[in-house]
Every structure is written in C-alpha cells, then in structure tokens.
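Me: Please take a close look at one chain of this complex, the second one as written, and explain how its parts are built and how far each can be trusted. A few words on the partner chain for context would also be welcome.

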Amino acid sequence: MIGVAIVLVVLATLLIGARGVAAMRSTSDFLVASRRISPTLNAAAVSGEYLSAASFLGVAGLVVKDGVGALWYPVGFTAGYIAMLALVAAPMRRTGALTVPDFAEARLGSPGLRKLSAVVVLVIATLYLVPQFKAAGLVLTVVSGTPYWVGVVVAGVAVSITLALGGMRAATYVQAFQFGLKLLLFVVPALWLVLTVGADTRREALSPVEFTRFERTTPVEFRLDTRLTITEPTPVSLSGAPVELLGQGSYAAVAGSTWTFAEGADVPDVAGAVPPGGEDWSRPLLDPAGGHPLLATWSVLVATVLGTMGLPHIIVRFHTSADGRGARRTAAITVAMLSGFYLFPAVYGLLGAVLLPELYLAGGTDTVVVALPARVDGGWVGEVFTAMLGAGAFAAFLATSLGLLLALSGAISHDLLPGTTLRRLRSTTLGAAACVVVLALPAVNLDVGVLVTSAFAVAASTFCPLLVLGIWWPRLTARGAVVGVVVGLVSSAGSVAIDLLLGLSPGLASILLGQPALWSVPLAFLTMVVVSLRGRPPAWATAAMLRLHLDESGPGRDR
Amino acid sequence: MTPRQRRVAVVSPQTRLAMVRRRTGIRVDVPHLAPTDVERARGVYRAQLRRALAALAVLAVLIVGLPVVLALFPGLDGVRFAGVPVSWLAVAVLPYAVLVPLAWWQLRRAERVERPSGRAVRGDRHPTAAVRTGRP
C-alpha cells in the first residue's frame, strides 16, 4: 500500500508540473509568470520546499531520543523567517540575484567571491541532502522490510526519474501543492492517533515515567552496533533463538540483529543515551544530561535562526515574488504557515516516547512517525495511516531534495565551471544525485535533525554575515567578505567534521564542535568587519547598498 | 501562435546572466543612483534599519530569554495547564504564538515606510520629509 501511496505522490507532482507548463503559452508568459504569483501562494511554495524529512520525521524522532527540549529545533526553523523578513527578503529580491553567488557579484563585484560562495553552496547543500536521502531510505526500509541501502538507492532513482520527467517545471505550483499535501498527511494522522490511543495513553504521554521495564514482549531490531549494559538477569531471545537469561555485564548488539525482550524484562542501558520519559528527558531544554543545557539550546537556535536566510534552495524561491514587498510578505506568511505545521511534531514525539520507547535502544528513533500507526492499530486502518505518513515523508524528501539538487547543480554549472549548456545542467544534477546516494549509505547512524542543523550552522557562519553586512553596511569590502566567508566555512564545517570523526560523548566539547554556530557566527562577522575596515570599499559601494532599500514604487529606478 | 514564429530557448534569468557575462567578460551594470534618489534611499534605509533591529530585539528576547526562564524555574515542569506541563507549552506552543504576531507587526511597519513615500514622492521635492510624515 505504501508503494502505491508514494507512486501517487510522484505522479501528482509530475501532473501539476505538466499542467503548470501547459498554462504558459509563450516565452514572455514564462518569464513574467513570477509577477502574477501572490505572496500567499509563494509562501506555500517556500514552506513546501522548506519542510523536509528533518521536519516530518526528524523532530519527532529527536523528541523520543533526546527529550522535550528537541522541540526547540522547529522553533528555530520558524524564527529564521523573522530574521529573513526583517533583514534580507526585500533587499535581496531587489538585487535581482537568484542565489547568494549572484548576490555576491551584484553587490561587491567580485568574481572570486562568487566562486567561493558557490563552494559554500556545495557544502550546505550536501550537508542538507545526505540526511534527506537517509530519511527516505529509512522510511522505505521500515515499510517494506528491505535493507537500508536498497531504500537509499530507490530514493535516488525516484528523484532522478522525477527530474528527468521535468517534475520541477512550474516549481511554484508543485511546491505549493507539496505544502498542502504534507500538512494534510501530517495533521490528519496526528489527530487520528490522539483520538485512537485512549485516555490512559494520553495521560501517560503528558506525565511520562522513565522507560525501565518492557511492558510487553518487545522485538528490538538494532540498526547500529550498540553497546548494552545489563544490570539484572534479563530474558532475551536473540534473532529468533529460544529465550535465554543474560546475566549482568556488557553486551554488543550487532547491527541488523533482533533481540526480543520478554515482558517485564529490565531495559538495558545504552552509553550516551537518555531513556525516554525520565526526569532529564522531560526538561524542555536540549542536552539536559550533558550539564550545559542553555549552551546547547542556544547554539541550535542561533544556527537555525541565522542559517535559514542562507539556504540555497529557499533564497531562489523568493525571486518568484513580484518585487521586494512581495518577498517580504512571502516571508511573513511563511512564518504563519510553518507555525501551523510545527505544532504537530510534539504529538508524534510524546506518543512515540510512550508507545515505542524501545526505538531509542535500536537507534531507530527517526522512524517513530511512520511506525506509530501500526503500533496503535494492527488492522487495515493502521496500514492506511502508515501509508499516509510514509507518502508524506517521501513528499517531504522529494520536495527538498529536488530544490537542493537544482541549487547544487546550478552552483556547479553556473559559477564553478565555464561554459553553461542546458544539457550539462541536467547531467550535473543527475551526477550530484548519484554522489549524494553514495554519501548517504554510511550515514545510517546520524540523526536526520542533527545533520540538517549542521547545514544551518554552516549557512549561518558564511552566508548570514555576507548577506546581512552586504545589505546593511556600506563599508563591506570584497576582501573582507572573502576572508570572513572562509573563516566561517572552515570553523563551522571543520568543527562539525571533527565532531563526526571523533564521535565525542555529550559534554561541552561536543556542543562546541557539533553545534559550532554560537562561536563561529560571531567569529565570521568579526572577521568580515575587521578586514573590511582595513581596506576601502569602491566609490559605488554606498549606491550599491542604498538602492537595495529603495522601494519599487518610487521614481528613478531603472527597471 | 503564428507558424513563422521562431523557437526561443527559455532559460532562467540566472543562466541568461551567466551566459551573457561569459560571452562579454564584463560586468552587466555598475550600480548607480540618481542624486535625488540617494537622499530618499538614505531615509528609507535608516527607517528600515531601526524597524528591523526592533523586531530582532523582540526575537532575541524570546529565543535567548525563554530558555533562561526554563532553566531557572524547573518548577514550571510541575505546574500544569489543561493537563500539560506549562514548561512544555512554553516550547511547543508559546513561541509560535509570539512569532506570528511578530512577523505581522514587522511586515506592517516595514511597509508603512514605503507606501506613503512611494505615493507622495511623485509630486514631492523632499522625499525624506515624505518618509517622515509616512510614520504614524
């Protein structure tokens, strides 16, 4: 059934793309189509492109894994549009630049900065794409029982087919439709779950108790090699073998093995993980057990709020507004639309912590949204809702991945390689999709929400200072911008890479390396300002900045 | 559509710009502003900057301050509103109830800087004065 639902999503996407193209008859229709798109429709398109698998699956998964504090992620994802609205939306639209590399050249006149910005686009898009493919592979794995790598490859093939058939033509209509679809497929199952689970489960979800004993015979399918500590003799059946009593000690669960714990058995401890429902888990701050909850919460918020304005697939969307005012309205309406959507991940997270707490042992918390309906209703109703959520998650994956792949291949073929042809643009896109599939294969043990946040951290440390200072500070020089972007890129992407390689246990070092925005963003701003002050901006710099703030309704504008 | 119409390759503006630039190897335009526009633009720029900073200040109070409140008063976990811990509502619902009005507020103020000046400037020799009267 889920396969049918996913095929329906892809077909609907293609159909709307085709209809949108048919509605435009001539070249000029195509080029000025943007002028007729209302801010509301455009905001739906922005939200459609923005709500990725990280929002659809990742946030609820992080709530099960890390606790209620994970609900700060969507707050940051939404608040980013306030920063966009106040600082970037209208002036950016007035530059006529579609991408940050375009902006860099339009405002500062530096081809070198353009190339550098294109490299940053590559880094951000890759960090953002890998978790999308991971999530898609995981969803397919959960619902069809195939190995993870098959799921990832199938997701890559689905994206490539959609691209080849032109599914992203008339992209505004497609993305606006995707937003409506995702909202429907997320909200309706959530309401059904809340009504179906019964009063007892609802009460448990709001007054959680620590997950210490299995309440029923529970099979746990380990997705990663996991180190378990068993503190009292525990009856377990290993991969279908007869039940045996495991004594005290440390055990290694191999990835792919299934341990079936008997009813009433003690839950083993997992190093570095907080069992759902405990006191630490219930605190509404991130990383409550690590000892620095405020620092952890702030660094995620700084990254997401300031990173939103630098996401390559979102900035392109604002160009579809008629003018600066339209772009600003789009950003404001987007805040309202996202706020509606982000009220619901909490429902899945809290119910998941009560009904499927064992996912935290298995390293499979990202699947909690899709796994919940079957846990609540074993019959066809549960199957229907599983299919709905699977299709929604796949729609989320598809919308964001297509937008990112186009931004990525645009950066490669427009900014990095000489001599653009349309055919090459298409082949670059397919090549990029293949690379991401390869990168997603070893990423199975990374949290979707966390990896996406590191993409935000890189965007916040590079493009945020470039855009904010470029738009609001006339003294910014090309040299200052280049040095600042390099410092921001190296410090943010470098420390995320070090954190991934070292795999530090929770603590101060892990927060500062894994979520570097709190120090790397000020560092990038400072570098840009100091280097700029030591040079002189060109004579036209003030005019280049001021004209970004002049509204279109005034006279004397040359377009 | 007439049968003699030539086929035209439709590309994104980005592609078009990139192709033009590659062929000619020069900047498409050097930014310039008419002297009267410079004055008006300065007025709009200052007004918009003030408004943007005010909105960001409210946002900063929310995302810096709310975690501090939750960290300082763990007792909020025990207080319940309609069965839900108040501290959970403070993360799951409250921020959105602040963000949506904040977006609306900032949008209205930013547009107010532009709208009257755009209309008035056509007959007005002193654009900055128009910006000033444009405020409530």
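Reply: In this predicted model, confidence varies strongly among the elements of chain B: helix 3 (residues 86-92) of chain B has the highest mean pLDDT, 94, and helix 5 (residues 127-133) of chain B the lowest, 41. Over residues 117-136 of chain B the pLDDT falls below 50, and this stretch has 35 contacts in the model beyond near neighbours in sequence. Where pLDDT is low, predicted coordinates should not be read in detail. For chain B as a whole the mean pLDDT is 76, with 61% of the residues at 70 or more. For the complex, the predictor reports an ipTM of 0.89 and a pTM of 0.88.

Chain B contains 5 helices and 2 strands, and their order along the sequence is α-α-β-β-α-α-α. Of the 136 residues in chain B, 29% are buried. Among contacts in chain B between residues at least 6 apart in sequence, 50% join residues at least 24 apart.

Helix 2 (residues 35-72) of chain B allows a check of geometry. Its 38 residues, at 1.5 Å a residue, should span 56 Å, and because the end C-alpha atoms are 55 Å apart, the model agrees with that expectation. Helix 2 of chain B nevertheless has a kink of about 30° at B:G65, shortly before the proline B:P67.

The strands of chain B bring in a backbone detail. B:A82 is located in the loop between strand 1 (80-81) and strand 2 (84-85) of chain B. Most residues other than glycine have a negative phi. B:A82 is not a glycine, yet its phi is positive, about 55°. B:A82 counts as exposed because 7 other C-beta atoms lie within 10 Å, and the cut-off for that class is 12 or fewer.

The partner chain supplies the context. The domain assignment divides chain A into domain 1 (2-199 + 304-445) and domain 2 (218-266). The centres of domain 1 and domain 2 of chain A, taken over C-alpha atoms, are separated by 37 Å. Their contact takes 7 residues from domain 1 of chain A and 7 residues from domain 2 of chain A. On the side of domain 1 of chain A that touches domain 2 of chain A, there are 3 nonpolar, 3 polar and 1 charged residues.

Two residues of chain A illustrate contrasting surroundings. A:F179 sits in helix 9 (residues 171-196) of chain A and is classed as buried because it has 26 C-beta neighbours inside 10 Å, where burial requires 20 or more. Leaving aside residues up to four places away in sequence, A:F179 touches A:A44, A:S47, A:G48, A:L51 and A:M337. A:P465 lies 286 residues from A:F179 in sequence, and the C-alpha atoms of the two are 30 Å apart in space.

A:E204, in turn, belongs to helix 10 (residues 199-206) of chain A. With 18 C-beta neighbours inside 10 Å, A:E204 is therefore partly exposed. Between A:E204 and A:S461 there is a sequence separation of 257 residues and a C-alpha to C-alpha distance of 41 Å.

Methods: Residues numbered from 1 in each chain as written. Chains lettered and ligands numbered in written order. Predicted model: local features only at pLDDT ≥ 70, side-chain atom pairs only at ≥ 80, totals over all residues. pLDDT = per-residue confidence, 0-100. Helix = DSSP H or I, 4+ residues; strand = E, 2+ residues; numbered from the N terminus. Contact = placed C-beta atoms within 7 Å. Domains from an automatic or database assignment. Nonpolar A, V, L, I, M, F, W, Y, C, P; charged D, E, K, R; others polar. Expected span 1.5 Å × (residues − 1). Bend = angle between axes of the 7 residues up to and from the residue.
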